[in-house]
Amino acid sequence: MHNYYRDLHGSPPMECDHELAISAQEWTDQQAAKGYMHHSKWTDKFTESISWKGWGWEGMDKMEGAIAGAVRSWYSEIKNGYNYQTGRGTGVIGHFQAVVWAGETKLGCGLNIKPDDGTYVTAHYAPPSHTSMEKEKIAPDNVKPRRSPEPGCNIRSGDRELCRPDLTAPFVNPGNCPLECCYDDMFMSEQSIEFYSRKGPQEWKNVGNCGAGLKCGPQCQRLCLIQHNYYRSLHNSPPLKCDPNLAKSAQSWADSNANHDAVQRSTPTKNYVESISWKRWGWEGMGTRLGAIPSAVRSWYSELKRGYDYNTGLGKGIVSHFKSVVDARETHLGCGIRIKPGDGTYVVAHYSLRPRLQFKLNDFSSTKNIGLPKQPDPQCHQKSFEREQCGDFKSPFITPDKCLNAGCCYDDMFMDEPGLQWYSPNASLWCFSKKKGADTGLITHVSTSGTMSFQSPPPPRKEDDYKVLQTQSSEGSVQVRPPCPEAKDVLNNIIGLVNAVTKVAASKGCGKAVGEEPCFGNTCYMISETGKSWDENQKNCKASGGDLVSLETEAEWQFVNSKIQNITLQGANEWHIGLKKQGDWKWVNGNPMTIEKWQRSQPSGDGNVAVMSKDYPPGSQGLFNDLNAQMPRPFICEIPKGASPQPGPQPTSKPAVGPTEAPAPSSSPTSSASSTTKPTSGTTSQPAGGATSEMTGFEKDCLKAHNEYRAKHDHMEHDYDSINNKGQGENLAYFQPGDPSAMPTQCQGPKTKDCVQCREMVADWYAEESNFDYNTGESKGGVILHFTQVVWKETTELGMATATSADTWFSVARYKPRGNMGSPSDYVKNVPRPQVNV
């Protein structure tokens with residue numbers, strides 16, 4: 001495989017090297033043993049490429065398919081806009097360079113086919129010339145342009161005929177393709193086709209009788225596959241195939257939901273992953289299968305725009321449905337639909353097999369299972385207002401295959417326009433004409449293609465921390481004002497060694513210029529980006545001269561709803577409003593409800609205050625849901641025109657308690673906690689030990705990671721407080737990096753290969769959740785105490801610190817009041833099942 005591609009670029013053939021083969025096999029086995037893909041430490045002996053693919057990729061459970069598939073994926077980076085003059089590309093190109101680099105003459109490969117996981121492949125090349133600091137300077141001499149195919153083989157995919165019936169992808173390779181045949185696995189003249197594409201027959205589209213006799217019959221199943229596999233192709237995930245059993249279970253549950261007028265999950269099962277959608281017929285096309293099926297898949301995939309992080313697999317909102325659509329480990333799909341007159345349309349998707357949760361330190365499972373999305377063809381890289389309709393293809397009924405087969409551009413996600421959703425009124429041009437005069441030779445395809453590359457998103461700019469987001473509407477501009485910095489975060493600091501935790505909290509009111517807010521009649525509105533409990537949010541509104549919003553007329557509700565629909569806030573999907581249960585549901589101004597805007601099956605008795613939703617659950621735009629008043633949410637204030645902000649709450653402070661004495665570990669670790677930052681305004685004393693109230697990025701990540709997991713179990717967020725070392729719970733973590741000279745640092749921002757995020761350790765503790773029996777409060781076999789302490793309901797305070805010795809990283813989290821105490825019934829009470837987001 002390597003020498004075939006090298007020959008296309010005029011590079012001399014490589015020879016097998018026994019020592020490189022040994023090192024490649026050893027590193028492959030180490031990756032498989034740990035269960036995740038990662039690079040070895042770079043040396044001056046070789047260049048390294050690694051690959052992992054789940055068995056959903058055809059042929060990955062056999063050597064003949066796995067080795068060829070890995071080398072193809074590395075070489076396919078040539079389509080990432082590689083420039084032969086500069087040695088650069090518009091995406092990852094290092095693996096491609098390693099395959100064809102003329103200066104590398106020796107090769108050794110390793111393979112590990114691991115059941116229930118996937119296939120790991122490693123290649124070591126020598127001499128490692130392309131890792132030189134002068135790489136770009138010498139690249140033109142080492143990577144020559146690819147030669148053109150012979151005229152008789154310059155055939156586009158749609159015109160090709162199988163040369164011999166026994167030679168089919170992925171097992172055919174250049175060596176066993178006869179001389180009288182043509183070989184081309186890269187489709188170089190067709191940038192939209194990947195080496196793993198099933199161009200031509202596309203076997204997955206042949207659903208046969210899958211779904212026969214169901215409301216979502218074979219054509220409906222095919223439609224569901226088309227929409228899923230389009231999105232999966234954008235992330236280099238193999239296409240799903242229809243499964244009759246999944247189709248039956250999905251249809252059964254869609255019918256059950258419709259019969260009970262409810263949107264709820266089926267009984268948890270290990271046999272499939274489930275996504276559910278419900279939309280009213282006010283959504284265009286929801287009364288037909290052709291509109292409802294693609295719409296459901298779009299809504300699930302659109303969670304990509306909720307700040308999804310490909311390094312951590314987390315987002316700033318719900319992203320689980322997006323992950324289900326594109327996860328490379330899933331192989332089969334079944335869909336169900338129920339169109340219910342006078343109600344709405346229910347769609348259910350069941351995927352197999354259920355992905356194994358991999359919570360390991362420095363685990364890049366998200367990257368290997370969900371690749372970075374492709375960038376669009378330059379001719380299709382157009383903003384919404386630049387687009388012109390292509391043919392008579394109109395949303396929402398146009399599907400990607402019909403649009404692309406007509407030579408048009410397709411984009412229903414508007415990825416370059418965060419404030420624009422696929423269902424927005426001004427976002428109807430999904431199928432549009434290609435841009436004239438664009439550079440058609442530039443291929444901008446950014447993808448890991450199953451190979452490992454340590455890529456992180458650019459760090460957020462400092463000026464974005466408290467930015468004011470602004471969007472335009474016909475009524476004017478709406479400014480979304482986050483609370484002032486002091487109220488946005490309760491600033492905390494961890495100091496000392498592993499048992500030292502302190503708190504400094506500041507509370508301060510935020511002044512607001514009322515005239516900057518959107519107004520309706522004599523009332524102006526402020527929509528916050530973050531918030532706290534309902535009571536605290538009401539205090540903030542009153543401090544601004546108003547109160548939480550009371551929506552007493554249809555016109556006012558429509559106005560406020562239009563504002564929240566036209567803004568994009570990462571992670572903000574529902575806001576506290578001034579509706580509270582006081583016997584009956586009443587507005588904070590004392591007036592009773594005069595308009596009914598509850599979501600389906602609401603109020604459900606979850607709490608005594610209400611929130612207003614933006615777009616989740618599907619079909620709930622602007623509708624209300626009851627919630628526990630202590631659950632933190634952003635909020636909407638209404639402020640009379642001309643009102644002046646009232647004095648905010650007075651700053652409060654609490655004397656800090658210094659760290660308690662603790663014996664130093666025998667390895668004499670050096671503390672890595674911060675202790676030199678400037679105190680936050682509003683404090684009256686400085687914590688002992690010289691610590692201050694500003695948290696590092698690593699420390700913020702600790703608190704955020706804990707609270708994200710706690711939110712799944714409907715628990716209050718952790719806070720920090722002055723804690724001594726008595727009556728505390730404790731979680732420990734340690735690891736050795738292998739190379740003591742390469743001890744990682746704390747990540748203060750996005751994940752990189754040289755640093756550790758706090759959430760990696762928290763995720764490792766939470767992974768014990770699979771060992772916990774929610775019915776009995778006991779272990780099903782295995783450790784559970786780290787997990788239960790992370791989410792223990794009665795625990796309210798947290799502190800975490802790290803330290804390193806010569807060769808080991810240590811982390812300790814302390815909790816107060818401590819969890820993991822009492823009988824199994826206490827565990828049932830404090831560790832409820834996680835919330836299910838349908």
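This short talk goes through a sheet near the start of the chain, then two nonpolar cores, and finally one buried leucine in a loop.

Please keep in mind throughout that what we are looking at is a predicted model.

Let me begin with the sheet, which is open, has four strands in the order E1-E3-E4-E2, and shows mixed pairing. Strand E1, residues 15-16, and strand E2 stand at its edges, and since each has a single partner strand, one side of each is left without a neighbour in the sheet. On the E1 side, two bridges join E1 to strand E3, residues 106-114, and these two strands run parallel; here Cys16 stands opposite Leu107 in E3. Helix H2, residues 18-34, packs on this sheet and touches E1, E2, E3 and E4, with its direction making about 25 degrees with that of E3.

At the other edge, E2 pairs with strand E4, residues 118-126, in the antiparallel sense over seven bridges, and Lys53 stands opposite Thr119 in E4. Now, how buried is strand E2, residues 47-53? Seven of its seven residues are buried, so E2 is largely enclosed by the rest of the structure. Both of its faces are covered, with Thr47, Ser49, Ser51 and Lys53 buried on one side, and Glu48, Ile50 and Trp52 buried on the other.

Let me turn to the cores. In soluble globular proteins, nonpolar side chains tend to be buried together. In this model the largest nonpolar core has 48 residues, and those with the most contacts inside it are Tyr231 and Tyr301. The elements that give two or more residues to this core are helices H6 (218-234), H8 (289-301) and H9 (320-326), together with strands E7 (332-340) and E8 (344-352), and H6 gives the most, with seven residues. If we leave aside residues up to four places away in sequence, Tyr301 touches Tyr231, Leu234, His235, Phe322, Val325, Val326 and Met413. Apart from this core lies another, of 29 residues, among them Met761, Val762, Ala763 and Leu798.

My last stop is Leu623, which is found in the loop between strand E20 (609-613) and strand E21 (624-627). Is this loop residue buried or exposed? Leu623 counts as buried, because its relative accessibility is 8%, and the cut-off for that is under 20%. Again not counting residues up to four places away in sequence, Leu623 touches Arg280, Trp557, Lys597, Trp598, Gln599, Val611, Met612 and Ser613. Leu623 and Arg600, which are 23 residues apart in sequence, are 9.0 Å apart in space, C-alpha to C-alpha.

Definitions and conventions:
Residues are numbered from 1 along each chain as its sequence is written. This is a predicted model: local features need pLDDT of at least 70, side-chain atom pairs count only at pLDDT 80 or more; totals for chains, interfaces and linings use all residues. Side-chain values use heavy atoms; hydrogens and water are left out. A nonpolar core is a set of buried Ala, Val, Leu, Ile, Met, Phe, Trp, Tyr and Cys residues joined through side-chain atoms within 4.5 Å. Buried means under 20% relative accessible area, exposed over 50%, partly exposed in between (1.4 Å probe, protein chains only). Contact means heavy atoms within 4.5 Å. Two strands pair if DSSP finds at least two bridges between them. Axes are lines fitted to C-alpha atoms, for helices over the stretch in contact, and angles run from 0 to 180 degrees between N-to-C directions.
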